[in-house]
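Work through the following exercises with the sequence and the model at hand. Each task is followed by a solution in steps.

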Amino acid sequence: RVYDFNGIIGCDFTISAQNCIPPNSIISPATSSVCIPQCVGFSAMTCMGCTYFWNFGDYINSSNNSSTDLNPTHTYSQPGKYCVFLTATNNSCADTTSLCIDIVPEFTFYIPNAFTPNGDGGNNEFYGKGKYIKTYEMFIYNRWGEQIFYSNDIAKHWNGTMKGSGNAVIEDVYVHVFNIIDINNIEHKYVGSVTVVQ
């Protein structure tokens, strides 16, 4: 997602360069939308005889950091704060304006629906997997509502035993609950089921 410093969430913002004679620039955010990955669209208001030079402030992708298009797009590959500069030039003047944006990470989380804790070396543990996770909790319950496993460490997986005793649970469907806080301090809760196949 893309956030500007006015609190707008979205995929794009607009830098408008107008009234080139005399120089006068306007910066304004555009309509918000969701964008994956961190792509940003830019546009400039046309002025008579102007040419445009964009510097996207992308210190990670320096080989693709500029454009002379009127309405370019740019994809930021890494989270961070980036300051974008637009210079509009005609025969009489040059005008530069800028806007700083904050590209924040996109939280993801995936949960399988079955696993086979039979010691064959494949798919022997159950766990959630994702990116940009700050805190993590996993609870496993049997069909009677008894908690049989808990972890607050994303690297600690359920191996299909009862309360870590080493005694394997029976083939059945178990309820999982994941409580996640991502690095943007947004809470996520996932409740579902996982099938144990021995």
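**Exercise 1: The open sheet**

Task: Give the strand order of the five-stranded open sheet and state which strands stand at its edges.

Solution. In this predicted model, five strands make up an open sheet with the order β12-β17-β16-β14-β15, and their pairing is mixed. The edge positions belong to β12 (114-115) and β15 (147-151); each has a single partner strand, so one side of each lacks a neighbour in the sheet. Inside the order, β16 (residues 172-182) and β17 (residues 187-196) run antiparallel and are joined by 10 bridges. One of the bridge partners can be checked directly: Ile181 is matched with Glu187 in β17.

**Exercise 2: A hairpin and its disulfide**

Task: Describe how β9 and β10 are paired, then locate the disulfide and state what it ties together.

Solution. Start with the backbone. Strand β9 (residues 80-89) pairs with strand β10 (residues 94-103) in the antiparallel sense, over 10 bridges. The connection from β9 to β10 is a hairpin of four residues. Within this pairing, Phe85 has Ser98 in β10 as its bridge partner.

Next, the sulfur atoms. A search of the whole structure gives one disulfide. Cys83 and Cys100 are its two residues, with an S to S distance of 1.9 Å. The angle about the S-S bond is 95°, and the link is right-handed. Because Cys83 lies in strand β9 and Cys100 in strand β10, the pair ties together parts 17 residues apart in sequence.

Last, accessibility. Cys83 has 30% relative accessibility and therefore counts as partly exposed. Cys100, at 26%, also counts as partly exposed.

**Exercise 3: Aromatic pairs**

Task: Classify the ring pairs Phe109 with Tyr136 and Phe139 with Tyr150 by geometry.

Solution. The whole structure holds 13 aromatic pairs. For Phe109 and Tyr136, the centres are 6.4 Å apart and the planes meet at 65°, which is edge-to-face. Phe109 belongs to strand β11 (residues 108-110) and Tyr136 to strand β14 (residues 133-141), so this pair ties together parts 27 residues apart in sequence. Phe109 and Tyr136 are both buried.

For Phe139 and Tyr150, the centre distance is 4.9 Å and the planes stand at 50°, so the pair is tilted. Phe139 is in strand β14 and Tyr150 in strand β15, 11 residues apart. Their accessibility falls on either side of the 20% cut-off for buried residues: Phe139 is buried at 16%, whereas Tyr150 is partly exposed at 28%.

A further step is to follow the ring pairs as a network. They link Phe109, Phe115, Phe126, Tyr136, Phe149, Trp158, Tyr174, Phe178 and Tyr190 into a cluster.

**Exercise 4: The chain as a whole**

Task: Summarise the secondary structure, contacts and surface of the protein chain, and state where the confidence is below 50.

Solution. The chain has 17 strands and zero helices. Of its 198 residues, 36% are buried. Among contacts with a separation of 6 or more, 53% are between residues 24 or more positions apart. The accessible surface is about 10800 Å², and carbon and sulfur atoms hold 52% of that area.

Confidence comes last. The average pLDDT is 78, and 78% of the residues score at least 70. For residues 1-14 the pLDDT is below 50, and the model gives this stretch 61 contacts beyond near neighbours in sequence. Residues 16-36 also have pLDDT below 50, with 58 such contacts.

Technical notes
Residues are numbered from 1 along each chain as its sequence is written. This is a predicted model: local features need pLDDT of at least 70, side-chain atom pairs count only at pLDDT 80 or more; totals for chains, interfaces and linings use all residues. Side-chain values use heavy atoms; hydrogens and water are left out. Two strands pair if DSSP finds at least two bridges between them. Helices (H or I, at least four residues) and strands (E, at least two) are DSSP runs, numbered from the N terminus. pLDDT is the predictor's confidence in each residue, from 0 to 100. Contact means heavy atoms within 4.5 Å. Buried means under 20% relative accessible area, exposed over 50%, partly exposed in between (1.4 Å probe, protein chains only). Accessible areas come from the Shrake-Rupley method with a 1.4 Å probe; for residues, only the protein chains shown count as cover. Rings of Phe, Tyr and Trp (its six-membered ring) pair if their centres lie within 6.5 Å; planes under 30 degrees apart count as stacked, over 60 as edge-to-face and the rest as tilted. A disulfide is a pair of cysteine sulfur atoms within 2.5 Å.
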